[in-house]
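Please look over the sequence and the model shown below before reading on. The report that follows takes up a few parts of the structure in turn.

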Amino acid sequence: MTLKVGDALPELVKHPTTRQLVRYAGAQGDFYEIHYDQAFAQSVGLPGVILHGLLKAGFLGQLVTDWLGDRGTLTSFEVSYRGIDQPGRPYSCRGRVTKVEGDQVELEVWGEDSTGNRTTVGTATLEMKG
Amino acid sequence: MTTSTAVIDRLRARIGKDGPPAEATVEAGHLKRFVEAIGDPNPRWAKEAPPTFLVALAPASVHLEEAEEYGKGWLNGGNRFEYFEPVKVGDRITATGRVADVYEKTGSSGSLLFIIFETDYINQEGRKVASLRGTAIRR
């Protein structure tokens with residue numbers, strides 16, 4: 001399969017729950033209370049508990065590695081967190097090819113909340129197998 | 001503003017100084033718990049670390065206690081990973097982190113303190129397998 005600029009990655013939709021945030025907190029070792037303690041989250045001005053930025057990065061990593069398979073190697077992966085996301089709402093991960101130069105490929109990836117707002121944006125660079 | 005300036009000055013004094021190295025072995029059980037928490041069923045992760053796993057092996061950004069005098073909460077601004085070699089089950093990884101930059105920005109919703117962290121991940125053979133740059137924000 002030949003990659004070309006504009007190719008879309010298959011969408012990955014996640015349905016995060018507070019339970020998942022607790023599991024992720026344990027697996028990563030990030031026990032900051034804004035991810036599982038509603039009262040604490042509200043005390044620092046949040047509407048409630050929010051997803052870990054790195055959990056959203058994990059979702060976007062899955063988007064990329066599912067699509068890439070064994071066709072190449074991920075050489076860099078960058079994400080910026082632009083907005084908060086709350087459990088109980090679907091989170092859609094999407095991406096597209098933005099550059100193809102020989103075996104060097106760049107992707108734009110992003111995560112959208114249920115209103116289509118891009119709360120996480122990022123890029124991935126890949127080295128494809130010859 | 002005197003207080004926040006003092007906090008920023010103390011944090012800036014740490015720029016470029018390596019923190020204590022953290023060592024950990026990549027364990028299959030930890031990988032399994034990590035990918036189950038993300039909900040990524042790819043069988044590849046039975047033996048190999050997925051893209052963001054290194055943050056679970058050693059802290060991605062040191063939540064510096066002294067920074068907590070500024071604002072009321074932490075936010076993660078972003079993460080950038082660079083990969084040089086795959087990380088496999090059984091690898092012994094040493095993570096060394098440092099503060100790369102500290103600065104304040106004032107916007108419409110008030111002031112924010114940005115702390116940029118860098119972490120290098122070295123394997124048991126002394127080769128750098130990955131690096132991470134993270135932006136932690138106090139608001």
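How many bridges pair β4(A) with strand β5 of chain A, and in which sense do the two strands run? β4(A) and β5(A), the latter made of residues 118-128, pair over nine bridges in the antiparallel sense.

## Basis of the report

This is a predicted model, in which local features need pLDDT of at least 70 and side-chain atom pairs count only at pLDDT 80 or more, while totals for chains, interfaces and linings use all residues. Residues are numbered from 1 along each chain as its sequence is written, and chains are lettered from A and ligands numbered from 1 in the order in which they are written.

## Strands β3, β4 and β5 of chain A

Strands, like helices, are DSSP runs numbered from the N terminus (H or I over at least four residues for a helix, E over at least two for a strand), and two strands count as paired if DSSP finds at least two bridges between them. Within the pairing of β4(A) and β5(A), Trp110(A) has Val121(A) of β5(A) as its bridge partner. The hairpin of these two strands has five residues between them, and Gly116(A) there takes a positive phi near 90 degrees.

On the other side of the sequence, strand β3 (residues 91-101) of chain A is joined to β4(A) (residues 104-112) by nine bridges, and these strands run antiparallel. Lys99(A) stands opposite Glu106(A) of β4(A). β3(A) and β4(A) also form a hairpin, with two residues between the strands and with Gly102(A) in the turn at a positive phi of about 65 degrees.

## Leu68 of chain A

Leu68(A) belongs to helix α3 of chain A, which covers residues 53-68. Is Leu68(A) exposed, partly exposed or buried? Leu68(A) is partly exposed, because 17 other C-beta atoms lie within 10 Å, where 20 or more would make a residue buried, 12 or fewer exposed, and C-beta atoms are placed from the backbone.

Leaving aside residues up to four places away in sequence, Leu68(A) touches Leu74(A) and Leu126(A), a contact being a pair of residues whose C-beta atoms, placed from the backbone, lie within 7 Å.

## Chain B

Chain B has three helices and five strands, and along the sequence they follow the pattern α-β-α-α-β-β-β-β. The C-alpha trace of chain B spans about 50 × 30 × 20 Å along its principal axes, and buried residues make up 36% of its 139 residues. Of the contacts in chain B with a separation of 6 or more, 72% are between residues 24 or more positions apart.

## Where the chains meet

The contact between the chains takes 24 residues from chain B and 29 residues from chain A. On the side of chain B, the elements that give two or more residues are α2, α3 (54-57) and β2 (74-83), and the largest share, nine residues, comes from β2(B). Strand β2 (residues 72-81) of chain A is joined to β2(B) by five bridges, and the two run antiparallel; here Val79(A) stands opposite Asn79(B).

Helices meet as well: helix α1 (residues 18-28) of chain A and helix α2 (residues 28-38) of chain B pack with their axes 8 Å apart, at an angle of about 150 degrees. The contact is made by Gln20(A), Arg23(A), Tyr24(A) and Ala27(A) of α1(A) together with Arg33(B), Phe34(B), Ala37(B) and Ile38(B) of α2(B). The axes are lines fitted to C-alpha atoms, for helices over the stretch in contact, with angles from 0 to 180 degrees between N-to-C directions.

Technical notes: Two residues are in contact if their C-beta atoms, placed from the backbone, lie within 7 Å.
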